[in-house]
Amino acid sequence: GADGGVGQAHREAATQLMHALYDRNARREFCPLETWLERGFKLDAFGITSTEDSSHTLVVLREFPHVVPLDERVRIFTRLIQEDRQTQQCPETHVRIRRQHIVEDGFAKLGVLRGELKGVVKVHFVNESGLDESGIDMGGLYKEFLTTLIERAFHPDYGLFSFSPDRQLFPNPHSHLVHAHLDYFAFLGRILGKALFDGIQMDLPFCGFFLSKLLGKHNYLDELPSLDPALHKNLLYLKNYTGDISDLALDFTVSADDYGGGAIEELIPGGKSIEVTAANRIQYIHLMADYRLNKQIKRQCEAFLRGFQDVIRVDWIRFFNQTELQVLISGEKNGDFDVEDLKQHTVYSGGYAASDSACKKFWKVVAEFNPSQKSALLKFVTSCPRPPLLGFSSLQPPFCIHKVRAERSFMELLSRKEEDRLPSASTCMNLLKLPSYLHTSTLKAKLLYAITSNAGFELS
């Protein structure tokens, strides 16, 4: 009856309040994460064996995700994707891609696919002469294609995304200057979804408010610092201004151009002739934030989200808040990692084995690295500067140390002349090509030089 309706309304209000507090804590922590976890909470009690939409597990994760530890939620998310992959049985897609035109060719060949992108994509690269490069795609070429496409298309130079003052990415309000920009946003949404679907981490730092959009949420004033901290500061100044507000000569309009030029848009009908006063300033502040966070890039965000949802179900990523979603996309926040975990899940090739002195020297050196050096090593070998969320057992393909054959003469070998070449990497295969150095000090110096100078292939 009526009492049941009131009880339901109270439950929904309490749930919304809990979510708002949790999201606020994610932006600026006021209590430790452990506070949110339900002590002794056992997912098994909720039928974790079932991942049906109506299962207790998914109901809890949708309504109160924060009571479940993050790594547990990631495991469930991964399992849902595996089940989706098995039930969909999408066909294999083969694409020929010109290296010089990775974004355009990727869009032309894969832009027509929707849910079919969940299937395996095999890439054949074409060189500048129009000839197919040799090599069969065992997953490495696809990863190289995906990583390069994302690096180029999301870079502000391409015109679809912009950097915030903190060098975080959000859709460029002036992206209409790029041909078919909304189709490109939908395509990039699917590509980001594909990276998540395939468990490939990408070095893509997004603005908090844009991640909030991916979660299907509306943004409010609190999110403005992630986009424009200066505007947020100015609006708070206006809120607390004690002088005569008419001196500020503000009305209910906003410049569509960041630099104050270009079209003027009204925040409300007739806004040009409505002066901002002490009585209406709160309304102005919220309208201004709403314009920048929601209205100005509404079409770009909708297109991106539409594409993303073709590959990843939005209710699955709602297991996470915006900070956690960033971790899901890019790995743990800093690049520090457990060296023993990496060592346990490293494979060797080219003649190396874990017992070789060169490999022992390598692990001795890495164990002494500081977090930024560890992060640089990961970026150098895997193209992502952060470790996988569930540890290196989930890195695909596994981290590999490959022996580089010595190019020293017999006399040089006899005289124990030190190897001169630098380590190099093949990020598409998570492969470190390591020469067999005689001295630990040489290995450390060469490795540090390689990983901090973006040496890559060409300096080896």
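Two strands are taken as paired if DSSP finds at least two bridges between them. Helices (H or I, at least four residues) and strands (E, at least two) are DSSP runs, numbered from the N terminus. The structure is a predicted model, in which local features need pLDDT of at least 70 and side-chain atom pairs count only at pLDDT 80 or more, while totals for chains, interfaces and linings use all residues. Residues are numbered from 1 along each chain as its sequence is written, and side-chain values use heavy atoms, with hydrogens and water left out.

**View 1. Strand 1 and strand 2 run parallel.** Six bridges join strand 1 to strand 2 (residues 121-126). Isoleucine 97 has phenylalanine 125 as its bridge partner in strand 2. Thr93, Val95 and Ile97 make up the covered face of strand 1, and His94, Arg96 and Arg98 the uncovered one.

**View 2. Glutamine 100 sits in the loop between strand 1 (93-98) and helix 4 (102-110).** Glutamine 100 is partly exposed, with a relative accessible area of 48% (buried means under 20%, exposed over 50%, partly exposed in between; 1.4 Å probe, protein chains only). Apart from neighbours within four places in sequence, glutamine 100 is in contact (heavy atoms within 4.5 Å) with Glu128 and Arg152. From C-alpha to C-alpha, glutamine 100 and valine 126 are 8.9 Å apart in space, and they are 26 residues apart in sequence.

**View 3. Four strands form an open sheet with mixed pairing.** The order of the strands is 7-8-10-9. Strand 7 (347-349) and strand 9 (424-426) are at the edges with a single partner strand each, so one side of each has no neighbour in the sheet. From one strand to the next, the twist averages 25°; axes are lines fitted to C-alpha atoms, for helices over the stretch in contact, and angles run from 0 to 180 degrees between N-to-C directions. Strands of a sheet pair through backbone hydrogen bonds, either parallel or antiparallel.

**View 4. Strand 8 (residues 400-404) and strand 10 (residues 431-435) are parallel and joined by five bridges.** Opposite lysine 403 stands leucine 434, in strand 10. Helix 14 (residues 357-367) packs on the sheet and touches strand 7, strand 8 and strand 10. The direction of helix 14 makes about 115° with that of strand 10.

**View 5. Helix 15 (residues 371-382) lies across strand 9 and strand 10.** Helix 15 runs at about 55° to strand 9.
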